[in-house]
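Hi,

Here is the structure I said I'd pass along. Have a look at it first, and then read my notes underneath.

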Amino acid sequence: MRKIKKPDSLADQAYDLIRKDILTGTLAPNEELREEKFALELGISRTPLREAIRRLATDGLVVLQSGKPAIVSSFTKEDALHHMEVRKLLETYNIEQIAKLTTPDFLKSLKSNLKLQKRAADKNDFHEFIELDREFHLLLADQNPNTKLCEMIYAVNTGVNRAFLILANTYPVSAMEASGEHEDIVTALEQQDGTGAINAMTEHMDNIERRFLHYYEKG
């Protein structure tokens, strides 16, 4: 684990570094996050470290324990499927609402994200892709004036992504497929085809579940 750089927010950097270690499997499910050890490794005090751990807990990546060190969350097949069910409901509803709120700037930001997704997929940089994948869905959520909906979509994206990253050895294939599905969503939005956008998102959500089940059983 690298030490953080002083000029930026210590809590933000600690959050980013620990989150990356969780997502890439460097920190295993149920592994304890001992404050003394991590503060020493990161070269920071416990205050920003605790803030980072609280944020990771909000994301669902860490479980806080009373009187004990926090631990990295573990995911079962059932956990992931429950997350996916909630995510599908939220994201299909959101796409229905924002289909009529499409603007040139919004489309430009989505297309820019798509280009970066493809580049990451081509390089088999799954960590970068998963960040861009999450950003893509948050861009869609941000277009909705309902900030609570946006927060909920953020939370379920993090949970589902955690389940996929456990299966990192098969993720490059999923990345290529997901990138194409994202492009279908953007195309429908650009054409102001609300029904097409809903159908594209529904298909994307169904395929996420299909890929997860395939790789879960295969693994």
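**Two asparagines and a helix pair**

Asn-30 sits in the loop that runs between helix H1 (10–23) and strand S1 (32–33). Keep in mind that this is a predicted model. What caught my eye is the backbone: Asn-30 is not a glycine, yet its phi is positive, at about 75°. Most residues other than glycine have a negative phi, so this kind of thing is worth a glance. As for the surroundings, Asn-30 is partly exposed, with a relative accessible area of 47%.

There is another asparagine to look at. Asn-124 also has a positive phi, about 55°, without being a glycine. You'll find Asn-124 in the loop between helix H5 (104–122) and helix H6 (126–142). Is Asn-124 buried or exposed? Its relative accessibility is 52%, and exposed means over 50%, so Asn-124 counts as exposed.

Now to the helices. How do the axes of H2 and H3 cross? Helix H2 (residues 35–42) and helix H3 (residues 46–59) have axes that come within 10 Å and cross at roughly 110°. Since 65 to 115 degrees counts as roughly perpendicular, that is the label for H2 relative to H3.

On the H2 side, the contact involves Glu-35, Glu-36, Phe-38, Ala-39 and Leu-42, and these meet Arg-46, Leu-49 and Arg-50 of H3. By type, the residues of this H2–H3 contact split into 4 nonpolar and 4 charged, with no polar ones.

Cheers

Conventions: Residues numbered from 1 in each chain as written. Predicted model: local features only at pLDDT ≥ 70, side-chain atom pairs only at ≥ 80, totals over all residues. Heavy atoms only, no water. Helix = DSSP H or I, 4+ residues; strand = E, 2+ residues; numbered from the N terminus. Buried < 20%, exposed > 50% of the residue type's maximum accessible area, 1.4 Å probe, protein only. Axes fitted to C-alpha atoms, helices over the stretch in contact; angles between N-to-C directions. Parallel < 35°, antiparallel > 145°, perpendicular 65-115°, else oblique. Contact = heavy atoms within 4.5 Å. Nonpolar A, V, L, I, M, F, W, Y, C, P; charged D, E, K, R; others polar.
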